[in-house]
Amino acid sequence: MSLIAGSYERFIWGFKLKPLTHDPSSQSLALTQLFSYPSHIAPITTVAAAGPAAASGSSDDTIHIYDLSSAASLGPLHHFSSSITSLSFYSPPNLSFPRNLISASADGSISIFDTEPFVLLKSFRSHKKGINDLAVHPSGKLALSVSRDGCLAMSNLMRGKRSFCCRLGKEATIVKFDGSGERFFMVSEEKIGVHLAEDARLLFELENEKRVLCAAPGESGILYTGGESRSITAWDTNSGKVAYCIEDAHSTRVKGIVVLTKDGGVDDDPYLVASASSDGFIRAWDVRMAIKGKPNPLAEANTKSRLTCLAGSSVKSSKRPQIGNSAPKEEEDVAEEV
């Protein structure tokens, strides 16, 4: 498993999460640093990872691409005129290498990239103001986005255009699909709305004590959230109640959560969750211990940076990410490749 984090100080951090011993039953893990350097000229706002590919976006109007298998930077993508606010890879279930990278920007636009190599397929305007977050449906055919314009938009990624938009009662800052794509979650301040994906109907609201700054869906209807409470809360979105909570997971606000899944090939992976905080620490947790009491992190690393975001990936593919230089493709080409 690999973790990648961005910081306010412009640094990108890469870590490998691996056992300390060769004993398969051992619960001892270590976060080994892969790389660390100032990859941007402004604070890093978002990161994404899938297979051997990783990407970071910044308020310097660029996206940087990384090869996790070789811990190398592949350079920047220069197709933007405003800050990058959200990144998401789309990986088909039968592939270990992502097919597309989708980005959102502060000018309200969404861009779709092919990943073999990284070339821009389509860019279109989805909002009137900056996009706060973007979520790609598990099918890869559509995406939801929430914006500073107070709207929720649905975009057709097959055609590269917005297909639906509605005004919300309050600006949302986070949007996530669950693993099945049948539900999605929207965060506004300390409230989390659970919606049906079919018609966007609100099923119920979850209310945190303090503002939620990050969220990650897990298995069996669990949604992990973190934020100004400094804790990691696991919500049961089937019952609307708190399943368990890791109190005081960090000394300051939690800025990123990653659920580590079976894709890494380790049976216990579904019980591993990683978190990053503006206190500079990245920590890995066994959430089964949270049910019994306050757990200790299985592994941690201190970056001594104000971390802003976190992403994770299992590096299984033999393919190597590459950056291309082709111009945006026509709409019919997007529909064939996305």
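User: Why are the side chains of Asp199 and Arg201 said to meet in a salt bridge?

Analyst: Their closest approach, N to O, is 3.7 Å. A salt bridge requires a side-chain nitrogen of Lys or Arg within 4 Å of a carboxyl oxygen of Asp or Glu. The value for Asp199 and Arg201 satisfies this limit, so the pair is called a salt bridge. In general, side chains of opposite charge can pair when their charged atoms come close.

User: What kind of model is this, and how are its residues numbered?

Analyst: The model is predicted; local features need pLDDT of at least 70 and side-chain atom pairs count only at pLDDT 80 or more, while totals for chains, interfaces and linings use all residues. Residues are numbered from 1 along each chain as its sequence is written, and side-chain values use heavy atoms, with hydrogens and water left out.

User: What makes Asp199 and Arg201 partly exposed?

Analyst: Asp199 has a relative accessibility of 47%, and Arg201 has 45%. Buried means under 20% relative accessible area and exposed means over 50%, with partly exposed in between (1.4 Å probe, protein chains only). Both values fall in between, and therefore both residues count as partly exposed.

User: How many salt bridges are there, and which parts of the chain does the pair of Glu9 and Arg306 link?

Analyst: The count comes to 7 salt bridges. In one of them, the closest N and O atoms of Glu9 and Arg306 are 3.1 Å apart. This pair links distant parts of the chain, 297 residues apart: Glu9 is in the loop between β1 (2-7) and β2 (11-19), and Arg306 is in the loop between β27 (299-302) and β28 (307-313). Strands such as these are DSSP runs (E, at least two residues; helices are H or I, at least four), numbered from the N terminus. Glu9 is partly exposed at 26%, and Arg306 is partly exposed at 43%.

User: How do you know that Arg253 forms a salt bridge with Glu228?

Analyst: The closest N and O atoms of Arg253 and Glu228 are 3.7 Å apart, so the pair meets the distance rule. Arg253 lies in the loop between β23 (241-246) and β24 (254-260), whereas Glu228 lies in the loop between β21 (222-227) and β22 (232-236), 25 residues apart. Arg253, at 39%, is partly exposed, and Glu228, at 29%, is partly exposed as well.

User: Why does Asp149 have no salt bridge?

Analyst: For Asp149, the nearest side chain of opposite charge is Arg162, 5.9 Å away. Lys and Arg count as positive and Asp and Glu as negative, while His and the chain ends are not counted. The separation is beyond the salt-bridge limit, so Asp149 is buried yet has no such partner. Asp149 is in the loop between β13 (142-147) and β14.

User: What makes Leu152 buried, and which residues is Leu152 in contact with?

Analyst: Leu152 has a relative accessibility of 3%, which is why it counts as buried. Leu152 belongs to strand β14 (residues 151-156). Contact means heavy atoms within 4.5 Å. Beyond four places in sequence, the contacts of Leu152 include His127, Leu144, Phe164, Cys165 and Met186.

User: Which residues touch the most other members of the largest nonpolar core?

Analyst: They are Leu3, Leu17, Leu31, Leu260, Ile282 and Leu310, out of 19 residues in that core. At least two residues of the core come from each of β1, β2, β3 (29-38), β24, β25 (272-277), β26 (281-286), β27 and β28. A nonpolar core is a set of buried Ala, Val, Leu, Ile, Met, Phe, Trp, Tyr and Cys residues joined through side-chain atoms within 4.5 Å. Beyond four places in sequence, Leu3 touches residues including Trp13, Phe15, Leu31, Leu260 and Ile282. In soluble globular proteins, nonpolar side chains tend to be buried together.

User: Why is Ser220 called exposed?

Analyst: Ser220 has a relative accessible area of 67%, which is above the limit for exposed, and so the term applies. Ser220 is in the loop between β20 (212-217) and β21. Its phi is positive, about 60 degrees, although Ser220 is not a glycine.

User: How many helices and strands does the protein chain have, and what percentage of its residues is buried?

Analyst: The protein chain has 2 helices and 28 strands, and 52% of its 338 residues are buried.
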